[in-house]
Amino acid sequence: MSKKRLAFIIQGGIGTGHFNEGIPILNSFVRRLAVDHQVTVFSVHPVHPGFICQDFRVYSPSSQKSTLGQLVWLLLRFREVNTSGRFQILHAVCGYRSGFFGAVLNNLFRIPLIIHLQGADAVSIPEIEYGVFYRKKIAMLAKFAYSQANHLVVLSHYQGRRLSEHYSKRSPIVIPYGVEYSQLAPLQKRHLQEPYQLLHVAHINRVKDQRTLLDAFKIIKSKVEVVLTMMGEDTLDGELQHYAREIGVDDSVRFLGFQPHSEVMKSYVVAHILLHTSLYEAQAVAVLGGIASGLVVCGTDVGILSDLSPKYTLVSAVR
């Protein structure tokens, strides 16, 4: 039986980012599919020059382009590659822009389309100017793309409910990202004693609402001896570190910045509690990694935390 030919349309996340890791869960997902299928990835963001992948083919432009430039490049490259062997499935990761690009390709080449919605693809959060439905023009393009897809995939039931607030013409399929168990460090017996180890794994940005995280940590710190370790890229230029000093918790908070995926996996087995206070999550991949490592997971009622509450996670209202 011949292998199916799958084409992925992505913004980035493969052959990009710190340590050339891109988005680890996306890399793992595509590599797993490549075991049984012929996978070709079209990344509209340039990949690192030194990136080499033996599991699947990757095409990307040599330099950054505008949205229109990305679409033109993709159309020309896709037509060239598809001519040598027709793709059977288009899989767009991200509703906008990848999903919109996938919808254009779907109309031109009549190839079944899956749009795999990610973080911002289901919401509008005006207070932080976040989400594809926050801006009318982008919302219009996203709705067009979603209507063209043969299947919409969301990462949690929570994300599906949030999507229905803005787009309800079809019901999405819920398929969370899984856990790469081979990358988890061996489980260790935790000794529950002070100082308690709290862990937060996420980029520092508005949607993660880490001010609420530090406010909660200050309350905890007033009652027990505790340390908070934060892992993730700082996109707010030191604003959160300044706030930690302002409220007097900086002596107990470790800002480690962006860390290799292997170091994140190791951090799960030495912490006691994984704590997230996001305004919104499509899933929160770190949550399943924490649970698989034996961590207690607490956070706001969003993403996969909402789906797994109250049986497996502890949640509170946003903020």
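Biologist: In this predicted model, which residue of E3 stands opposite Val-41?

Modeller: The residue facing Val-41 is Val-58, which lies in E3. Three bridges join E2 to strand E3, residues 57–59, and the two strands run parallel. Two strands count as paired when there are at least two bridges between them, so the three bridges of E2 and E3 satisfy the rule.

Biologist: What joins E1 to E2, and which residue of E2 stands opposite Ala-7?

Modeller: E1 and E2 are joined by six bridges and run parallel, and Ala-7 has Thr-40 of E2 opposite it. With at least two bridges required, the six found here mean that E1 and E2 are therefore a pair.

Biologist: What makes E1, H1 and E2 a right-handed unit?

Modeller: These three elements form a β-α-β unit that is right-handed. The term applies because, with the strands pointing away from the viewer, the path from the first strand over the helix to the second runs clockwise.

Biologist: In what order do the strands of the open sheet follow one another, and which strands are its edges?

Modeller: Seven strands form the open sheet, in the order E3-E2-E1-E4-E5-E6-E7, with parallel pairing. E3 and strand E7, residues 173–174, are called edge strands, since each of them pairs on one side only. Further along that order, strand E4 (residues 89–93) is joined to strand E5 (residues 113–116) by four bridges, again with the strands running parallel, and Val-93 has His-116 in E5 as its bridge partner.

Biologist: Why is strand E2 described as largely enclosed by the rest of the structure?

Modeller: E2 spans residues 38–43, and five of its six residues are buried, so the strand is largely enclosed by the rest of the structure. In H1 the buried residues are Ile-25, Leu-26, Asn-27, Ser-28, Val-30 and Ala-34, and what covers them includes E1, E2, E4 and helix H9, residues 285–292.

Biologist: Why is Thr-16 called buried, and where is Thr-16 found?

Modeller: Thr-16 is found in the loop between strand E1 (5–10) and helix H1 (24–36). Its relative accessible area is 14%, and since buried means under 20%, Thr-16 is classed as buried. Leaving aside residues up to four places away in sequence, Thr-16 touches Glu-21, Gly-22, Pro-46, Val-47 and His-48.

Biologist: What makes the approach of the Thr-16 side chain to Gly-13 a polar contact?

Modeller: The side chain of Thr-16 reaches the backbone nitrogen of Gly-13 at 3.1 Å, and because the cut-off for such a pair is within 3.5 Å, the distance qualifies.

Biologist: How many disulfides are counted, and why are Cys-94 and Cys-298 called buried?

Modeller: The count is zero disulfides, which means that no pair of cysteine sulfur atoms lies within 2.5 Å. Cys-94 has a relative accessible area of 17% and Cys-298 one of 15%, so under the 20% limit each is buried.

Biologist: How do you know that the radius of gyration agrees with that of a compact globule?

Modeller: For 319 residues a compact globule would have a radius of gyration near 20 Å, and the protein has 21 Å, so the value agrees. The C-alpha atoms fill a box of roughly 65 × 40 × 40 Å along the principal axes, and buried residues make up 49% of the 319.

Definitions and conventions:
Residues numbered from 1 in each chain as written. Predicted model: local features only at pLDDT ≥ 70, side-chain atom pairs only at ≥ 80, totals over all residues. Heavy atoms only, no water. Buried < 20%, exposed > 50% of the residue type's maximum accessible area, 1.4 Å probe, protein only. Polar contact = N/O pair within 3.5 Å; in protein donor to acceptor, adjacent residues only side chain to side chain. Contact = heavy atoms within 4.5 Å. Rg over C-alpha atoms; globule rule 2.2 N^0.38 Å.
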